[in-house]
Amino acid sequence: MMKRHFLHLFYKEWLKTRWAFLGMLLLGTATILHIFIAVENKITLTGAKTILLRILYDEPPVIYYASFQYIPLLTALAIGIFQYVPEVTQKRIRLTLHLPVKNNILISGMAGFGLILLTLSNLLYIGLFLYYNIRLFPEELTKPVMISLTPWLLSSYIAYNFIAMIAMEPNKWRKVIYSVIAYYILQLFLVGNEPHGAFRESLPIMTLMVLLSSGLVLYSSQRFYKGEK
């Protein structure tokens, strides 16, 4: 019985998020292709050695992948907004919470579905980026570049978890406070113009922050269900 409820829940979540998900995949793919088309053009004009030296030794460094910085974040915003905002504003969430399944399990299922979509999109972005980057640059550059991309990818999970929390929060002032907190936390992840691989030591802490944020929606959903103000 519970399995059937979750199949219905996941199907409903897919109907809400499919166009946001597919649209962001298209935008992310187009952005990555544009990055490497531009790199190939510069290599053709100035030579691979010149481009590589500029990327490695210019000050500030040449961040040829800078246009990708906000793609994971925008993906999270699109999925989260389409998944939660209409559900809460149109009061449909109350019907979901009255299914014969514990509320925490239902909300965890909703959040889990959104995180699965977000992870699939991030895996596609990383796979496509790696494919082109390995073709054009040596491994010695690819590794630090991937380290630099990782905080941007992690920012998408922070953003999604806060969107879910804020959408489910019944008090408007708390929504404002949570939004401000989310903004400043995201600033820690969305740093550009740093040397490639600069955040190697910070990644464990960033990952821990992502894990800790994953339960935020359960707190707000309990307040919402109890009708707290």
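Trainee: Why are H3 and H6 called roughly parallel to each other?

Mentor: Happy to start there, with the reminder that this is a predicted model. The axes of H3 and H6 cross at roughly 15 degrees. Angles under 35 degrees count as roughly parallel, therefore H3 and H6 are described that way. Their axes also come within 8 Å, and H3 passes H6 in a right-handed crossing.

Trainee: Thanks! What makes the span of H3 close to the expected one?

Mentor: H3 covers residues 71–89, which is 19 residues. From its first C-alpha to its last, H3 reaches 26 Å, and the expectation at 1.5 Å a residue is 27 Å. Put side by side, those two values are close.

Trainee: Where is the kink in H3 centred?

Mentor: Look at Ile-81: the kink there is about 35 degrees. While you are on this helix, you can also pick out its buried residues, among them Leu-73, Ile-79, Tyr-84 and Val-88.

Trainee: Now the charged pairs. How do you know that Lys-12 forms a salt bridge with Glu-13?

Mentor: Check the distance. The closest N and O atoms of Lys-12 and Glu-13 are 3.2 Å apart. A salt bridge needs a Lys or Arg side-chain nitrogen within 4 Å of a carboxyl oxygen of Asp or Glu, so the pair qualifies. In general, side chains of opposite charge can pair when their charged atoms come close.

Trainee: Is Glu-13 buried or exposed, and how do you know?

Mentor: Glu-13 has a relative accessible area of 0%. Buried means under 20%, so Glu-13 is buried. Its partner Lys-12 has 26%. That value lies between the 20% and 50% cut-offs, so Lys-12 is called partly exposed.

Trainee: Which residues are linked with Glu-13 in a network of salt bridges?

Mentor: Lys-12 and Lys-16 are linked with Glu-13 in that network. The side chains of Glu-13 and Lys-16 meet at 3.1 Å, N to O, and both of these residues are buried.

Trainee: Why are Glu-13 and Lys-16 separated by about one helical turn?

Mentor: Because they are three residues apart in helix H1, residues 2–46. An α-helix has 3.6 residues a turn, so residues three or four places apart point the same way.

Trainee: How many salt bridges does the structure hold?

Mentor: The structure holds three. One of them joins Lys-143 and Glu-139, whose side chains meet at 3.3 Å, N to O. These two are four residues apart in helix H6, residues 139–168, so about one helical turn separates them.

Trainee: What makes Lys-143 count as exposed?

Mentor: Lys-143 has a relative accessible area of 52%. Exposed means over 50%, so Lys-143 qualifies. At 51%, Glu-139 counts as exposed too.

Trainee: How do you know that Ala-182 is buried?

Mentor: Ala-182, found in helix H7 (residues 172–189), has a relative accessible area of 8%. That is under 20%, so Ala-182 is buried. Its C-alpha atom is separated by 13 Å from that of Ser-214, 32 residues apart along the chain.

Trainee: Stepping back, how many helices and strands are there in the chain?

Mentor: There are nine helices and zero strands. The C-alpha atoms fill a box of roughly 65 × 30 × 25 Å along the principal axes, and of the chain's 229 residues, 46% count as buried.

Technical notes
Residues are numbered from 1 along each chain as its sequence is written. This is a predicted model: local features need pLDDT of at least 70, side-chain atom pairs count only at pLDDT 80 or more; totals for chains, interfaces and linings use all residues. Side-chain values use heavy atoms; hydrogens and water are left out. The expected span of a helix is 1.5 Å times one less than its number of residues. The bend at a residue is the angle between axes fitted to the seven residues ending there and the seven starting there. Buried means under 20% relative accessible area, exposed over 50%, partly exposed in between (1.4 Å probe, protein chains only). Axes are lines fitted to C-alpha atoms, for helices over the stretch in contact, and angles run from 0 to 180 degrees between N-to-C directions. Angles under 35 degrees count as roughly parallel, over 145 as roughly antiparallel, 65 to 115 as roughly perpendicular and the rest as oblique. A crossing is left-handed if the near helix is turned anticlockwise from the far one by less than a right angle, and right-handed if clockwise.
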